[in-house]
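Trainee: Please take me through a close look at one part of this model. I would like to follow the strands and how they sit side by side, with a small contact to warm up on.

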Amino acid sequence: MKNIVVIGAGTMGNGIAHTFAQTHFNVNLVDISQEALDRGLKTIASNLDRMIKKGSITEEDKANTLANITTFTQLEEAVKNADLVVEAATENIDLKLKIFQQIDAAAPEQCILATNTSSISITKIASVTQRPEKVIGMHFMNPVPIMKLVEIIKGYSTSKETFQAIYQMSETLGKVPVEVNDYPGFVANRILMPMVNEAIYSLYEGVAGVEEIDTVMKLGMAHPMGPLQLADFIGLDVCLSIMNVLYDGFKNPKYAPCPLLVNMVTAKKLGVKSGEGFYDYSESKKAEKVSQQFK
């Protein structure tokens, strides 16, 4: 596999494109607008500059990485010679199913179709294609160029050949792949998101304040980031979406999203990307100031 297509130039998509391009693959990066693509390329260039300052790559490496990326606004044109397509669009099941139908119709017969979904069923996504044996999950962690883990999720019909190809591809990227079966939330989010949700419940029920909850988890459990700050970083809308997938998938009340989380998403207080969540990011993105709502 040499020709890679990444669908979505947002946070995860541009990170995935960066990682493949830096590992000398030809990457077609796709989004619905040139403006989104330009923002994605700007982010990649900025991240490469950061790596140059740290001494981990050279200016030549940066130039070669950027040269390996071609942008497209037309999905059908981008995937016509693809060996692997990695979908990294918004975590919305209807959108993903539509994208996979389009990819399946336009990509070569031998092409593997992967999704970076953090919680949506691989089996369900594969069901709308004519090649379910070639559909698989590649759940990268954010920030993609730095984080080593990739969850490799097998759908009900994913073939052994597809799994082995993606497992080996992940190792080529310098990642550590972990085999996971297709159940709601997979492993990472099945464990992580209930913890985040419980932290929100602890705030909602008045057990402790925002900084106090995050401090307990950072200093007591050696987490690099408290769960409320992490929720802001992920995006509260994404957290809610994943909790709903878990709740719908297992029908277990322990996965019910906290009412405070629901209200904050309804009020569009989504965390870093909206400028406010549990913390106020109007002056800094470092979670230094608790939102007025929680003082």
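Mentor: Let's warm up with aspartate 280 and serine 282, whose side chains are joined by a polar contact of 2.7 Å. A polar contact is a pair of N or O atoms within 3.5 Å; within protein, one must be able to donate a hydrogen and the other to accept it, and residues adjacent in sequence count only if both atoms are side-chain atoms. Keep in mind that this is a predicted model, where local features need pLDDT of at least 70 and side-chain atom pairs count only at pLDDT 80 or more, while totals for chains, interfaces and linings use all residues. Residues are numbered from 1 along each chain as its sequence is written, and side-chain values use heavy atoms, with hydrogens and water left out.

You will find aspartate 280 in the segment after helix H12 (259–266). Aspartate 280 counts as buried because its relative accessibility is 18%, and buried means under 20% relative accessible area, with over 50% called exposed and partly exposed in between (1.4 Å probe, protein chains only).

Now for the strands. Helices (H or I, at least four residues) and strands (E, at least two) are DSSP runs, numbered from the N terminus. Strands of a sheet pair through backbone hydrogen bonds, either parallel or antiparallel; here, two strands pair if DSSP finds at least two bridges between them.

Here 8 strands form an open sheet with mixed pairing, in the order S3-S2-S1-S4-S5-S6-S7-S8. The edges belong to strand S3 (69–72) and strand S8 (176–181); each has a single partner strand, so one side of each is left without a neighbour in the sheet. From one strand to the next, the twist averages 25°, where axes are lines fitted to C-alpha atoms (for helices, over the stretch in contact) and angles run from 0 to 180 degrees between N-to-C directions.

Let's walk along part of that order. Strand S5 (residues 112–115) runs parallel to strand S6 (residues 135–140), and 3 bridges link them. Threonine 115 has glycine 137 in S6 as its bridge partner.

On the next step the sense is antiparallel: S6 pairs with strand S7 (residues 149–154) over 5 bridges. Look for isoleucine 136, which stands opposite lysine 154 in S7.

The last step takes us to the edge. S7 and S8 pair in the parallel sense over 6 bridges, and valine 150 stands opposite proline 177 in S8.
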